[in-house]
Amino acid sequence: MYIEAAATCAIVLLVVHHIYSQRTRNPHNLPLPPGPQPQLIVGNLKDLPAGGREWDGYEALARRFKSDVIYLRVLGTSILSLNSFNAANELLNQQGAVWSDRPRLPMIKELMGWDWSLVLQSYHEGFASHRRIVQQHFQPGIVSAQYRPVMIFEVKVLLRSLLASPHRFADHLKRMAGAIIMMVTYGHRVVADDDPFIQLAEQVRRHSEQTPGAALVDTLPILIYLPSFIAPFKRLALWRRQLSVKMRDAPFLVVKEHLGSRNAVPSMVSSLLESESRPKDGSDEELIKNCGGVVYSAGADTTATALTNFFLAMSLYPDVQRRAHTELDAVVGRGRLPDFSDRDQLPYIGAILKETLRWKAVAPLGVPHCTTQADEYRGRYIPAKTTVLANISAMLHDPEVYTDPDEFNPDRFIAKEAQQAAPDPARAAFGFGRRICPGRYFADDSIWIAISNILQVFTISSVDIEETDIQWSSGLVSVPSAFGCDVQPRFEGAKNLTSDES
């Protein structure tokens, strides 16, 4: 009874504080952006999209109120949903100083222990120093010179795995994506599907929070002070916190051990630890550990999910696959695998990559932004500390930009005499402004080399599957439910292309 009374008092105080803040910080009494009428005390709690595919819920609100910018107020927290690229560009790209912080996110950062992750860090939590290091190691020149050989090696391993057990294609994609990340970041060679670091990454993915900012404690942070015996979410978060610590620490300690025995393989983390410019007291060790951990945690999952969506698309759209095979035969022939030198001569393969990123957004709502101060947009008042959701899925399915957006149609990205190519989905798929993914060039290369090589060797066919049969999970990364497809070599001699001598 006392807890319920305390919670009610806290909510009332939040509402009073909100009303006071509105009057003192909105001196011109500007209206708020469009959105549902809030209820007393709880605000728009009942209007908040929940229960899965939240990105569709925000898009539905945008249609209902005929506005690409939607405002909700939930238990004292301001939430702004941006449902068009134009709005996201004007605010997140062009006004990054105000619109690119991160909200508090008590569940995933404070309780689950992910405050070390660059993806989630606020400006005051070391964002600039962490991003500088990661960005330096994933510049296009470094990706092409140092990381492409790793990608080519692991893609060939993937092809052999698909030949041996094609029904396990989803597992093979996860292994390939994880193996590339582990070699680049820690110099660790993955030699088996049960590699402990690959298994750890999958365990983290399965048990991560559904959507950053979606937990009740994120909109009512006072709940963080409840004792664990009456707050099951705190007990669950404690277990997940152990996974966070292990993901950050375990591979880092292996690199340190190998450096001590002088048998470390060159990698991002080993180069940082061996840098002559390091502080002599090793005070940057936590920073290096964090940077390695964020690449490990963010890189593999997104790449594997994009490629799983690609397999689904090839199953559902055989005409697209046939056209890709025709282009490969004309440019590459059937005597070798495609490599990066072929990329400019394979425009349709490039269009398939773009359509894969557009058709099913890997991160449909991205990671929430937060305003650092009150602002005005289109004559509307935006409170300080507003949580800002970029509805990437809605942007990439805007029918005014992408005709028949639910269809997988790579041809939309190839210019014709009477038609310009559709905008590259990378402008939204990898985030915005100061928060744009620093590994986007790396991700683009690894997905392209995988798609081109898979299509060179295999034909992917549907096994009685409809798109309506698939469910996409909620969360930072939206993963499709399990599906089957038939993966077979597409011509005699295709198997030979995957040998070590080819």
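**Exercise 1. Find which residue just after helix α2 takes a positive phi, then work out which residues of α2 are buried.**

Step 1. Look just past the end of α2: Lys66 has a positive phi there, about 50°. Helices are DSSP runs of H or I with at least four residues, strands are runs of E with at least two, and both are numbered from the N terminus.

Step 2. A word on the model: it is predicted, so local features need pLDDT of at least 70 and side-chain atom pairs pLDDT 80 or more, while totals for chains, interfaces and linings use all residues. Residues are numbered from 1 along each chain as its sequence is written, and side-chain values use heavy atoms, with hydrogens and water left out.

Step 3. Now go through α2 itself, residues 54–64: Glu54, Trp55, Tyr58, Glu59, Leu61 and Ala62 are buried. Buried means under 20% relative accessible area, exposed over 50%, and partly exposed in between (1.4 Å probe, protein chains only).

Step 4. These buried residues sit on the same side of α2, because they cover an arc of only 155° around the axis. The arc is taken from the directions from the helix axis to the C-beta atoms. On the other side, Arg63 and Arg64 are exposed.

Step 5. Check the cover: β1 (69–74), β2 (77–82), β6 (387–390) and α16 (392–396) are included in what lies over the buried residues of α2. Contact here means heavy atoms within 4.5 Å.

**Exercise 2. Locate Ala361 and decide whether it is buried or exposed.**

Step 1. Ala361 is found in the loop between α15 (347–359) and β3 (369–370).

Step 2. Its relative accessibility is 10%, so Ala361 counts as buried.

Step 3. Leaving aside residues up to four places away in sequence, Ala361 touches Ile392, Ser393, Leu396 and Ser478.

Step 4. Try a distance too: from C-alpha to C-alpha, Ala361 and Phe430 are 9.7 Å apart, with their positions 69 residues apart in sequence.

**Exercise 3. Describe the largest nonpolar core and the helix that gives the most to it.**

Step 1. A nonpolar core is a set of buried Ala, Val, Leu, Ile, Met, Phe, Trp, Tyr and Cys residues joined through side-chain atoms within 4.5 Å.

Step 2. The largest one has 121 residues, and Phe311, Ile352 and Ile454 have the most contacts inside it.

Step 3. Helix α13 (residues 285–316) gives the most to this core, with 14 residues.

Step 4. Another core, of 25 residues, lies apart from it; Ala361 is among its members, as are Leu80, Ile382 and Ala390.
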